[in-house]
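Work through these short exercises with the structure open beside you. Try each task before reading its solution.

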Amino acid sequence: MSGTVSTIIIVVILVVILFFAIKNSIPHFRGEGGCCGGSGKEKLVKPAKLEKVIATRTVTIEGMRCENCHRRVQNALNSMDGVNAKVLGEKKQAVVKLGRDIDDSEIERIITSLGYKVVSIL
């Protein structure tokens, strides 16, 4: 009988652990968690209001897996002088409006420094 009680206690403990593991993983699988080291609640850097847009680039980015990834890339781009950027997570792209002449290699350098891969800049 003591073997049966021990088995039941172990099963109950495992079920409780599994329940909390699944419960805490759901936001991550929805892309709402901080899979990249963030809390998923990082504030967005306000994009610059550009007097004149001299060029627009569409940057295709590989490696962004969650909302935190999108915010990290968007914040880094919007931290650049003369840049107004919006990341479109579903398309894995960033639309970058330029208020001054910025070389594509500088945009690529900022994104790759975060650990993502730039596939194309059009």
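The exercises below go from the whole chain to single residues, and the model is a predicted one.

**Exercise 1. The overall layout**

Task: Find how many helices and strands the protein has, and in which order they run.

Solution:
- Step 1. Count the elements. The protein has 3 helices and 4 strands.
- Step 2. Start at the N terminus and read along. The elements run α-β-α-β-β-α-β.
- Step 3. Look at the contacts between residues with a separation of 6 or more. Residues 24 or more positions apart account for 67% of them.

**Exercise 2. Surface and interior**

Task: State what share of the residues is buried, and what share of the accessible surface belongs to carbon and sulfur atoms.

Solution:
- Step 1. Take the residues. The protein has 122, and 28% of these count as buried.
- Step 2. Take the surface. The accessible area comes to about 8200 Å².
- Step 3. Split that area by atom type. Carbon and sulfur atoms hold 58% of it.

**Exercise 3. Two helices that pack**

Task: Describe how helix α2 and helix α3 pack, and decide whether they are oblique or roughly antiparallel.

Solution:
- Step 1. Locate the helices. Helix α2 covers residues 67–78, and helix α3 covers residues 104–112.
- Step 2. Take the geometry. The axes are 9 Å apart, at an angle of about 140°.
- Step 3. Classify the angle. Roughly antiparallel needs over 145 degrees, so α2 is oblique to α3.
- Step 4. Give the handedness. The crossing of α2 and α3 is right-handed.
- Step 5. Name the residues in the contact. Helix α2 brings Val-73, Ala-76 and Leu-77, while helix α3 brings Ile-107, Ile-110 and Ile-111.

**Exercise 4. Two residues of one helix**

Task: Decide whether Val-73 and Asn-78 are buried or exposed, and list what they touch beyond four places in sequence.

Solution:
- Step 1. Place them. Val-73 is in helix α2, and so is Asn-78.
- Step 2. Apply the cut-off: buried means under 20% relative accessible area. Val-73 has 0%, so Val-73 is buried. Asn-78 has 5%, so Asn-78 is buried too.
- Step 3. List the partners of Val-73. They are Ile-61, Met-64, Val-87, Ile-111, Leu-114 and Tyr-116.
- Step 4. List the partners of Asn-78. They are Val-45, Pro-47, Val-83, Asn-84 and Ala-85.
- Step 5. Check a distance. Val-73 and Ser-113 are 40 residues apart along the chain, yet their C-alpha atoms are separated by 9.9 Å.

**Exercise 5. A strand end and a loop**

Task: Describe the setting of Leu-88 and of Lys-92.

Solution:
- Step 1. Place Leu-88. Leu-88 is in strand β2, which covers residues 83–88.
- Step 2. Judge its exposure. The relative area is 27%, between the limits of 20% and 50%, so Leu-88 is partly exposed.
- Step 3. Find its contacts beyond four places in sequence. Leu-88 touches Gln-93 and Val-95.
- Step 4. Move to Lys-92. Lys-92 lies in the loop between β2 and β3. At 40% relative accessibility, Lys-92 is partly exposed.
- Step 5. Check the backbone. Phi of Lys-92 is near 60°, a positive value in a residue other than glycine.

**Exercise 6. Cysteines**

Task: Say how many disulfides there are, and whether Cys-66 and Cys-69 are buried or exposed.

Solution:
- Step 1. Recall the bond. A disulfide is a covalent bond between the sulfur atoms of two cysteines.
- Step 2. Apply the cut-off. Two cysteine sulfur atoms must lie within 2.5 Å. By this rule, the count is 0 disulfides.
- Step 3. Judge exposure. Cys-66 is buried at 3% relative accessibility, and Cys-69 is buried at 0%.

Notes
Residues are numbered from 1 along each chain as its sequence is written. This is a predicted model: local features need pLDDT of at least 70, side-chain atom pairs count only at pLDDT 80 or more; totals for chains, interfaces and linings use all residues. Side-chain values use heavy atoms; hydrogens and water are left out. Buried means under 20% relative accessible area, exposed over 50%, partly exposed in between (1.4 Å probe, protein chains only). Helices (H or I, at least four residues) and strands (E, at least two) are DSSP runs, numbered from the N terminus. Contact means heavy atoms within 4.5 Å. Accessible areas come from the Shrake-Rupley method with a 1.4 Å probe; for residues, only the protein chains shown count as cover. Axes are lines fitted to C-alpha atoms, for helices over the stretch in contact, and angles run from 0 to 180 degrees between N-to-C directions. Angles under 35 degrees count as roughly parallel, over 145 as roughly antiparallel, 65 to 115 as roughly perpendicular and the rest as oblique. A crossing is left-handed if the near helix is turned anticlockwise from the far one by less than a right angle, and right-handed if clockwise.
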